[in-house]
Amino acid sequence: MESVDGKYLAGTSNIENGGGVGVTGRFKFTPGTLTGLNGTNDIHRYQWSIGSTTFDKSAAPAADGSLTIAFTPLAGGLYQLNVRSVDKAGNVSHRRTPEPGTPANYESYQFHVPDGSGPVAHWPLDTDGTDVSPNSHNLTFTSGAATDPAGYSGGAFKVGDTSDGAVAPGQLVDTAGAFSIAGWVRVQPGAGEWTRTAISFDDDFASPVMLSYRKDGRTASYWSLGTSCHLSQPCVRIAWSDAPAAEGSGPTWP
Ligand SMILES: [Ca+2]
């Protein structure tokens with residue numbers, strides 16, 4: 001078992017080699033001792049699991065007996081990848097070096113996923129657009145935009161008109177890499193069919209990233225992460241929330 005791309009090298013210490021939260025790594029399983037007839041490879045399937053010994057994932061190997069899998073960690077920390085092979089008769093593989101008295105029938109591979117870096121910016125939006133991270137990427141409010149004291153935590157930025165906005169001082173995120181964005185948003189009841197975008201990234205034509213409340217012909221509005229469209233390019237790619245978004249009622253913040 002090995003890391004094909006080197007992002008998650010074996011070891012329990014924090015080896016930073018390009019891997020991280022949201023970064024896909026590839027691992028390759030290869031046969032150990034050839035136990036088939038006349039020394040041939042008789043691996044029918046590999047079974048594996050990460051963080052457990054449930055072996056709930058399974059796939060057939062390539063002709064050379066190897067299998068490459070991909071894994072994208074969603075949190076930092078220590079991971080253990082367990083894998084075993086099964087032959088055509090259903091026999092499960094044994095460790096190359098079985099430990100005395102231990103019925104282990106799998107091999108394991110430990111690797112560490114570095115935690116994400118600290119926030120690029122953090123805007124509480126209590127009374128203004130101050131960035132409370134060490135980076136001081138303060139927001140500038142446009143036109144009549146203002147804060148309201150009735151926020152989820154302290155005050156909140158209140159949008160009442162299409163010209164209302166708060167703009168960061170330039171590019172803060174490299175969208176070619178992994179990143180995360182989050183915010184507390186309250187949608188006024190009666191938002192209807194309209195798409196309400198809470199956070200977006202600017203580009204020459206349209207937004208490559210939009211965190212939105214949208215309906216798009218569905219029976220209810222959902223939170224979504226997607227792109228907006230430029231007329232010359234079919235570009236709608238949207239990830240929808242699992243459940244419909246709740247419109248804020250009273251002091252409720254979804
Ligand atoms: Ca706030």
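Is Asp131 buried or partly exposed, going by the C-beta neighbours inside 10 Å? Keep that in mind as you open the model, which is a predicted one; the tour comes back to Asp131 further on.

**The whole chain**

Start with everything shown as a cartoon. You will find 15 strands and zero helices in the protein. Colour by burial next: of the 254 residues, 13% count as buried. If you draw the contacts with a separation of 6 or more, 47% of them join residues 24 or more positions apart.

**Stop 1: the sheet at the start of the chain**

Select residues 2-3, 25-29 and 67-71, which are strands S1, S2 and S5. Together they form an open, antiparallel sheet of three strands, in the order S1-S2-S5. S1 and S5 are the edge strands, and each pairs on one side only.

Zoom in on the pairing. S1 and S2 run antiparallel and are joined by two bridges. Glu2 has Lys28 as its bridge partner in S2, while Ser3 stands opposite Phe27. Now look across to S5: here S2 makes five bridges, again in the antiparallel sense. Lys28 turns up once more, with Thr68 as its bridge partner in S5.

Show the side chains of S2. In a regular strand, side chains alternate between the two faces of the sheet. In S2, Gly25, Phe27 and Phe29 make up the covered face, and Arg26 and Lys28 the uncovered one.

**Stop 2: the largest nonpolar core**

From Phe27 and Phe29 you can step straight into the largest nonpolar core, since both belong to its twelve residues. To see the rest, add Tyr8, Ile43, Tyr46, Trp48, Leu67, Leu81, Val83, Tyr109, Phe111 and Val113. Four strands give two or more residues each to this core: S2 (25-29), S3 (43-50), S6 (77-87) and S7 (107-113).

Centre the view on Phe111. Setting aside residues up to four places away in sequence, Phe111 touches Tyr8, Leu9, Ala10, Gly11 and Tyr79.

**Stop 3: the loop between S7 and S8**

Follow the chain out of S7 into the loop that leads to strand S8 (140-142). Three residues here are worth a click.

- Gly116 sits in this loop. With 14 other C-beta atoms within 10 Å, Gly116 is partly exposed. Select Val21 as well: Gly116 and Val21 are 95 residues apart in sequence, yet their C-alpha atoms are 6.0 Å apart. Beyond residues up to four places away in sequence, Gly116 touches Gly20, Val21 and Gly76.
- Leu125 belongs to the same loop, between S7 and S8. Check its backbone angles: phi is near 55 degrees, a positive value in a residue other than glycine. Leu125 counts as buried because it has 23 C-beta neighbours inside 10 Å, and 20 or more is the cut-off for that label.
- Asp131 is also in the loop between S7 and S8. Here is the reply to the opening question: Asp131 has 19 C-beta neighbours inside 10 Å, so it counts as partly exposed. The buried label would need 20 or more.

Stay with Asp131 a little longer. Its C-alpha lies 5.8 Å from that of Ala121, and the two are ten residues apart in sequence. Leaving out neighbours within four places in sequence, Asp131 is in contact with Ala121, His122 and Trp123, and also with Ser136, His137 and Asn138.

**Stop 4: the four-stranded sheet**

Move further along the chain to a second open sheet, built from four strands in the order S12-S13-S14-S15 with antiparallel pairing. S12 (196-200) and S15 (238-240) stand at the edges with a single partner strand each, so one side of each has no neighbour in the sheet. Turn the view to look across the strands: neighbouring ones are turned by 25 degrees against each other on average, direction ignored.

Select S12 together with S13 (residues 210-214), and you have an antiparallel pair with four bridges. Thr197 and Ser212 are bridge partners there.

Finish in the loop between S13 and S14 (222-226), where you will find Asp216. Which sign does phi take at Asp216? It is positive, about 50 degrees, although Asp216 is not a glycine. With 14 C-beta neighbours inside 10 Å, Asp216 counts as partly exposed.

Methods. Residues numbered from 1 in each chain as written. Predicted model: local features only at pLDDT ≥ 70, side-chain atom pairs only at ≥ 80, totals over all residues. Contact = placed C-beta atoms within 7 Å. Pairing = 2+ DSSP bridges. Axes fitted to C-alpha atoms, helices over the stretch in contact; angles between N-to-C directions. Core = buried A, V, L, I, M, F, W, Y, C linked by C-beta atoms within 7 Å.
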